[in-house]
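Please look through the model below with its aromatic side chains in mind. The paragraphs that follow lead from individual rings to confidence and internal space.

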Amino acid sequence: LPSMQTSGSKPCSCPSFKLREVASMYFTMIAVFLVILVVALQGSAPRGSDFPYQVPLDPQGLLELSWNVSYPKQAVHFQLLIRNLQFGLLFGMSDRGKFENADLAVLWSDGRNSYFGDAWSDAQGQLHMDSQQDYQLLGKWKAPEGLYLLFRRAFSTCDPKDYLIEDGTVHLIYGILDKPVHSLQDINISAIHRGLQRVQLLKPNITIPKLPSDMKTMEITAPDIVIPSQETTYWCYMTELPHGFPKHHIVMYEPVITAGNEVLVHHMEVFQCAAKFDSFPHYNGPCDSKMKPERLNYCRHVLAAWAMGAQAFYYPEEAGIAFGGPGFSRYLRLEVHYHNPLIFKGRRDSSGIRLYYTATLRRHDAGIMELGLVYTPVMAIPPGEDAFVLTGYCTDKCTQLALPAAGIRIFASQLHTHLAGRKVVTVLSRDGRERQVVNSDDHYSPHFQDIRMLKEVVPVFPGDELITTCTYNTEDRSGATVGGFGTLEEMCVNYVHYYPQTQLELCKSAVDPGYLHRYFNLVNRFNDEEVCMCPQVSVPQQFYSVPWNTFNRDVLKSLYSFAPISMHCNKSSAVRFPGEWEKQPLPTITKRLREPVPHCPPTPGPRPAAPIPLDLGELRR
């Protein structure tokens with residue numbers, strides 16, 4: 001404001017303003033400030049601190065992805081750090097992590113001029129500019145650590161060339177351009193350094209529960225091991241709780257990653273050993289070593305699991321998982337999966353999981369229940385199948401008998417198959433009607449398994465059915481794949497985390513063995529080649545001898561869709577609940593859930609299918 005003159009003072013050389021003009025200028029400035037503030041708050045570009053999820057994309061850590069999820073706007077914001085920019089990169093998504101039929105955001109440069117655009121690749125891997133530009137570039141800036149790109153992508157764009165971002169696993173792909181290119185069409189994806197990273201993009205928006213004041217921590221970590229110089233290693237380490245360790249509740253856990261090894265530690269699990277053994281041998285070495293004691297195979301009860309890109313796991317405020325005390329084995333097994341494709345040598349590691357626990361027990365013990373298929377060879381997948389379906393049942397008869405009248409609440413889930421698994425889903429059914437999807441992953445990978453908190457708690461009551469369906473691909477196999485514990489055998493499991501804990505630990509099924517015997521009889525009658533059914537011949541051997549023509553495949557699919565089942569409604573002691581569990585009818589479903597319809601965002605108007613020029617200066621090798 002201008003100075004006010006007093007009588008007899010020297011006139012001010014500043015221009016004189018009337019009070020009305022001063023007030024007008026003042027409120028104009030306030031209005032401009034408010035407009036700038038509103039634009040800043042409503043703008044689509046979040047601040048760097050607004051990206052809670054982070055994962056390295058490549059083994060060298062040159063590409064680092066951070067992101068956040070907006071469920072109200074149905075969009076994901078990506079922040080990509082490029083530590084050593086050469087002549088550009090490709091980033092995107094595809095069904096199984098391939099560069100063919102992929103949805104891509106591309107940054108490329110001829111050395112002087114740089115461009116950013118939304119593209120797609122065809123079945124031959126040729127790149128094309130997308131007619132609908134749905135990777136929206138929001139900003140770029142250079143920092144001492146590298147170049148940052150900030151861009152946005154809606155979950156669903158209703159563009160047939162775009163990837164639909166769904167719950168479950170997303171296969172992210174990347175490619176680094178180390179030579180100048182003059183156009184999108186000049187990029188040869190087979191000649192660039194490329195790779196994939198699996199993440200769960202759509203993290204649930206869950207409020208972190210209040211943690212107890214007397215909380216303590218325990219780190220279960222690898223004891224400064226040397227990571228083997230090979231691409232894949234599963235490392236096992238045995239540890240034990242102190243003698244007389246009383247019952248506590250685990251209320252939270254999080255990863256502990258040795259600095260510098262973030263790109264090597266792929267996933268980790270802590271297993272509780274079986275309480276029926278008084279002791280377990282100490283072991284520290286590869287899980288597939290012949291030196292590993294056989295008894296370690298009885299350490300299979302998952303206490304905690306983490307996979308790359310996951311954050312801390314919190315139990316609901318009213319429940320915790322029991323830890324220590326009577327009936328709990330003192331012995332724990334840590335398993336760490338190291339992914340070392342660049343074959344780093346001599347890298348030491350002490351990664352693991354930090355448990356947060358309390359002596360102030362919460363209202364409920366949390367439990368873990370196995371759903372799906374029993375580990376048995378009677379459930380088999382023919383070779384050469386692109387999408388063979390097997391289903392396991394937790395029937396109304398079992399839940400009616402084993403669950404409390406008030407029911408249970410499922411709050412987390414870990415899906416599990418072996419190498420042929422491609423999709424897994426568990427659906428809750430009540431009175432013959434599908435009511436709710438418990439957990440689903442249409443892009444499931446056996447190489448990316450973690451315990452996932454559900455977006456909402458799923459109540460399950462006596463008489464409900466939990467139906468778990470797995471889809472398998474055996475196109476690369478020449479013989480049948482049977483159910484079992486081996487890596488090349490198969491599983492179909494959903495480990496659901498729930499409260500309050502009940503005696504029901506396993507609710508799974510398998511086809512009735514007598515009906516499978518009839519299948520082998522039928523195959524013998526209608527095929528020239530004989531399937532040996534001698535008493536001493538095992539079920540896997542009988543499956544291996546089946547000639548897998550169209551008839552035998554179709555009859556097996558039909559058998560699994562109508563034949564009675566053997567139900568395993570088991571207590572934690574592995575003893576079934578009393579009742580008749582053999583030759584049980586399949587649950588009847590009279591009404592299916594509707595397939596979700598992708599939400600198409602409002603069209604923002606025509607966006608030309610042209611790349612956006614970027615000023616990145618001159619780029620060199």
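**Rings, charges and cavities**

Phe323 has a relative accessibility of 0% and therefore counts as buried, a term that stands for under 20% relative accessible area, with exposed meaning over 50% and partly exposed the range in between, for a 1.4 Å probe and protein chains only. Phe245, at 14% relative accessibility, is likewise counted as buried. The structure is a predicted model in which local features need pLDDT of at least 70 and side-chain atom pairs count only at pLDDT 80 or more, while totals for chains, interfaces and linings use all residues. Residues are numbered from 1 along each chain as its sequence is written, and side-chain values use heavy atoms, with hydrogens and water left out.

Rings of Phe, Tyr and Trp (for Trp, its six-membered ring) are paired if their centres lie within 6.5 Å, and the planes make a pair stacked when under 30 degrees apart, edge-to-face when over 60 and tilted for the rest. By this rule the count is 24 aromatic pairs. In one of them, Phe245 and Phe323 meet edge-to-face, 5.4 Å centre to centre and with 75° between the planes. This pair links distant parts of the chain, 78 residues apart, since Phe245 lies in the loop between strand E14 (232-240) and strand E15 (248-256), whereas Phe323 belongs to strand E20 (residues 319-323); strands (E, at least two residues) are DSSP runs numbered from the N terminus.

Phe277 and Phe280 have ring centres 5.5 Å apart and planes at 75°, so this pair is edge-to-face, and both residues are buried. An aromatic cluster is formed by Phe78, Phe91, Phe116, Tyr135 and Phe151.

Charges also sit over rings, which requires NZ of Lys or CZ of Arg within 6 Å of the ring centre and within 35 degrees of the ring normal. The charged end of Arg333 is placed over the ring of Phe271, 4.4 Å from its centre, and that of Lys397 over the ring of Trp581, 5.1 Å from its centre.

As for confidence, pLDDT (the predictor's confidence in each residue, from 0 to 100) averages 88 over the protein chain, and 89% of the residues score at least 70. Over residues 1-46, however, pLDDT stays under 50, and the model has 16 contacts beyond four places in sequence for them, a contact being heavy atoms within 4.5 Å.

How values were computed:
Helix = DSSP H or I, 4+ residues; strand = E, 2+ residues; numbered from the N terminus.
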